[in-house]
Amino acid sequence: MTAFPTERPRRLRRTGWIRDLVRETRLSRESLVYPLFVVEGKGVRDEIDAMPGQFHYSVDTLLKEAVEAKDLGIRAILLFGLPGRKDAAGSEAHAEEGVVQRALRALRSEVPDLGLMTDVCLCGYTDHGHCGKIADGEIDNDATLEILGKVALSHARAGADFVAPSDMMDGRVGFIREVLDAHGFPGTGILAYSAKFASSYYGPFREAAHSSPGEGDRRGYQMDPANRREAMRELILDAEEGADMLMVKPALPCLDVIRDARERFELPIAAYQVSGEYATIVAAAERGWVDRNQMMMESLTAIRRAGADIVVTYFAKEAARLLARV
Ligand code: PBG
Ligand code: ZN
């Protein structure tokens, strides 16, 4: 015996208003975080080749972009810095007058109710392009923690609401938590890039952030995309070390991991729709092979459906515009 002809799921798809009523996953502007790249200089607004529609901003033009984002209903941005100077230890990453630090102070005073998050890593600041300090040809985990602690603290001092360590060193969440607490920043949160895979989808970003490793790759610290159980282990460790939010990255290739994270934790789960996810949609749409808006909304909805509360996406403004229309 089959349920048909009594059961007819198509009844709930018959018209637009029914589909609207029964939609299970809703995308909202409030759940989007907009990543932005800040550079030295003044009046800079240079388009990033591999990420059409995304730009390098100097602090002054960044302020305008941030206001625009806020006016579209976006609640938070995630800042990446491109320093004027790189060295072996990435020391510009914690300079008081560094680009991110100056951007934070300006944003804090000019765009007060916009959430400010910062990427905490060294790859954009080291001359070798790795996410940690190198000693004897290897990434020295514990020496890197000391530097990351300084970076996070400098961001907190400059006004960051959340710091987001993306380096994948062991123990960094707990270390950063201790440093922040010890220096009077117990209210500054940590958005941990917990399950961060060594992904080809970061390609365009490395052009955007000038952060490609000169030699080797990141597989010694970022996770093997084949490993789902290991992702859980990383998530558990970061939660235990005091992360306030847990992030999975990239997003669309990792929907299963996002779902695992959602089911295991009470903490908010974020997912990062990374540069390569953005660029592939943009490029295919430019060729007329796919519909840009539809693929953007479908991918963002899928990430939310998998269980992400928060989606970090370069489409934030574009999606916000579409969501605001009606
Ligand atoms: C820095 C960092 C990267 C991204 C976010 N933070 C690059 C990397 O790890 O190589 C990727 C973001 C994107 O691709 O949009 N560690
Ligand atoms: Zn890095």
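In this predicted model, 19 residues surround ligand 1, and those that come nearest are Lys196, Arg206, Lys249, Ser275 and Tyr314. Two of the polar approaches to this ligand involve its oxygen atoms: a polar atom in the side chain of Lys196 is placed 2.6 Å from one oxygen atom of ligand 1, while a polar side-chain atom of Gln222 is found 2.8 Å from an oxygen atom of the ligand. A nitrogen atom of ligand 1 is likewise engaged, lying 3.5 Å from an N or O atom in the side chain of Lys249. The enclosure of ligand 1 by the protein extends to 100% of the 400 Å² of accessible area that the ligand has on its own, and the site that holds ligand 1 is the largest cavity.

The zinc ion (ligand 2) is bound through sulfur atoms of the protein, its protein donors being the SG atoms of Cys121, Cys123 and Cys131 at 2.2 to 2.3 Å. Along the chain, these donors are arranged with the spacing C-x1-C-x7-C. The site of the zinc ion has four donor atoms, and the angles among them run from 100 to 122°; because tetrahedral geometry requires all angles among four donors to lie between 85 and 135 degrees, the site is assigned as tetrahedral. For comparison, the ideal angle for four tetrahedral donors at a metal is 109.5 degrees.

Two of the zinc donors can also be described by their accessibility. Cys121 has a relative accessible area of 4% and Cys123 one of 10%; since a residue counts as buried when this value is under 20%, Cys121 is classed as buried, and so is Cys123.

Methods. Residues numbered from 1 in each chain as written. Chains lettered and ligands numbered in written order. Predicted model: local features only at pLDDT ≥ 70, side-chain atom pairs only at ≥ 80, totals over all residues. Heavy atoms only, no water. Donors = N, O, S within 2.8 Å, 3.2 Å for Na, K, Ca; no water. Tetrahedral: all angles 85-135°; square planar, octahedral: opposite > 155°, others 65-115°. Buried < 20%, exposed > 50% of the residue type's maximum accessible area, 1.4 Å probe, protein only. Near = heavy atom within 4 Å. Polar contact = N/O pair within 3.5 Å; in protein donor to acceptor, adjacent residues only side chain to side chain. Areas by Shrake-Rupley, 256 points an atom, 1.4 Å probe, with all protein chains shown as cover. 1 Å grid on protein atoms, 1.4 Å probe; cavity = no way out; pocket = protein on both sides within 12 Å on 5 of 7 lines; lining within 4 Å. Sits in = over half its atoms within 2 Å of the grid points.
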